Amino acid sequence: MKRAYLIELTIFRDYGGQLLVLGFLVAVLLGCGMQTVLAAPSSITCIFFMMGAMGAAAYDEQNDWGSFRLTLPLSRRDVVLGRYGAIVTLGLGGMAVGLLAAFAISAVASAVELPGELSQALALDAGTLSAMAFATTFCLLIGAVVASVVTPIYFRLGQTKATQLLPTIIVMIFVLPVVFLGNSGLLDGALPGLEQISAFLAYIETPEGLAVCCVGMVAASAAILAASAAISLKLYETREL
């Protein structure tokens with residue numbers, strides 16, 4: 001697995017480096033444009049998980065790399081685990097870049113008086129840090145879910161065929177349930193479990209609740225990625241290259 005992981009990182013070297021620099025610039029512009037540092041780390045984290053899954057799959061069909069890779073002393077299990085390791089590495093790299101951009105923006109805003117009360121808007125305080133922690137781990141979960149859905153499809157069908165089917169699959173999984181619930185009348189009137197939801201949201205606002213929620217979302221992301229890796233391995237073992 002280690003050899004496959006290092007090969008993935010070698011392939012990602014130029015692409016990942018460019019993406020990290022671009023991610024930092026996007027995070028800075030996003031923070032300044034929205035006049036808040038909350039969105040920078042969360043958005044970049046989610047985007048990098050998605051870009052990791054899609055970018056890695058794109059390399060498989062360049063110069064028949066996917067077929068040639070199997071001639072190396074690597075098992076298909078190594079290939080799958082190395083791919084997921086690279087996706088997680090890039091996603092966490094995006095989180096680090098987003099956090100770095102957020103702290104850099106805040107430091108500049110604290111040292112230099114910016115126009116239009118921008119310095120105050122970009123300042124970091126306890127409330128902002130708590131909200132940033134929640135938003136970042138929540139978007140980590142979203143990015144992990146999307147990567148977990150698309151990566152097995154890439155392993156089974158390849159990048160070309162998967163790209164043709166993914167829009168339909170994404171709509172069926174993420175959009176149709178929302179449309180169904182909205183048109184079913186189940187949400188008319190009082191929302192089911194509203195009191196429990198309100199109590200949960202109040203619990204999240206406490207330091208203990210925030211810590212438990214963030215740890216839970218990170219653990220859920222890891223579990224979802226592990227389950228996706230197991231599915232990818234089953235699909236990739238039966239694929240003929």
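In which helix is Ser232 found? Ser232 sits in helix 9, which covers residues 207-237, where helices (H or I, at least four residues) and strands (E, at least two) are DSSP runs numbered from the N terminus.

Before going further, I should say that this is a predicted model, in which local features need pLDDT of at least 70 and side-chain atom pairs count only at pLDDT 80 or more, while totals for chains, interfaces and linings use all residues. Residues are numbered from 1 along each chain as its sequence is written, and side-chain values use heavy atoms, with hydrogens and water left out.

Taken as a whole, the protein has 9 helices and 0 strands, and its C-alpha atoms fill a box of roughly 60 × 50 × 30 Å along the principal axes. Of its 241 residues, 37% are buried, where buried means under 20% relative accessible area, exposed means over 50%, and partly exposed lies in between, with a 1.4 Å probe and protein chains only.

Returning to helix 9, Ser232 counts as buried because its relative accessibility is 0%. Leaving aside neighbours within four places in sequence, Ser232 is in contact (heavy atoms within 4.5 Å) with Val80, Tyr84, Thr151, Pro152 and Phe155. With the same kind of neighbours set aside, those within four places in sequence, Tyr84 is in contact with Thr151, Pro152, Phe155, Leu225, Ser228, Ala229 and Ser232.

That leads to the nonpolar cores, each a set of buried Ala, Val, Leu, Ile, Met, Phe, Trp, Tyr and Cys residues joined through side-chain atoms within 4.5 Å. The largest has 24 residues, of which Val80, Tyr84, Val150, Tyr154 and Phe155 touch the most other members. At least two residues of this core come from each of helix 2 (39-60), helix 4 (76-111), helix 6 (126-157), helix 7 and helix 9, and helix 6 gives the most, with 8 residues. Apart from this core lies another, of 11 residues, among them Phe12, Ile44, Ala56 and Leu90.

What about the surface? Ala223, also placed in helix 9, is partly exposed because its relative accessible area is 47%. In helix 7 (residues 159-184) we find Val175, which is partly exposed because its relative accessible area is 39%. Val175 helps to make a nonpolar surface patch of about 490 Å², together with Val171, Met172, Ile173, Leu176 and Val179.

To close on contacts, residues 24 or more positions apart account for 80% of those in the protein with a separation of 6 or more.

How values were computed: Patches are made of residues with over 30% relative accessible area and no salt bridge: like charges are joined within 9 Å, nonpolar side chains (Val, Leu, Ile, Met, Phe, Trp, Tyr) within 5 Å. Accessible areas come from the Shrake-Rupley method with a 1.4 Å probe; for residues, only the protein chains shown count as cover. A salt bridge is a side-chain nitrogen of Lys or Arg within 4 Å of a carboxyl oxygen of Asp or Glu.
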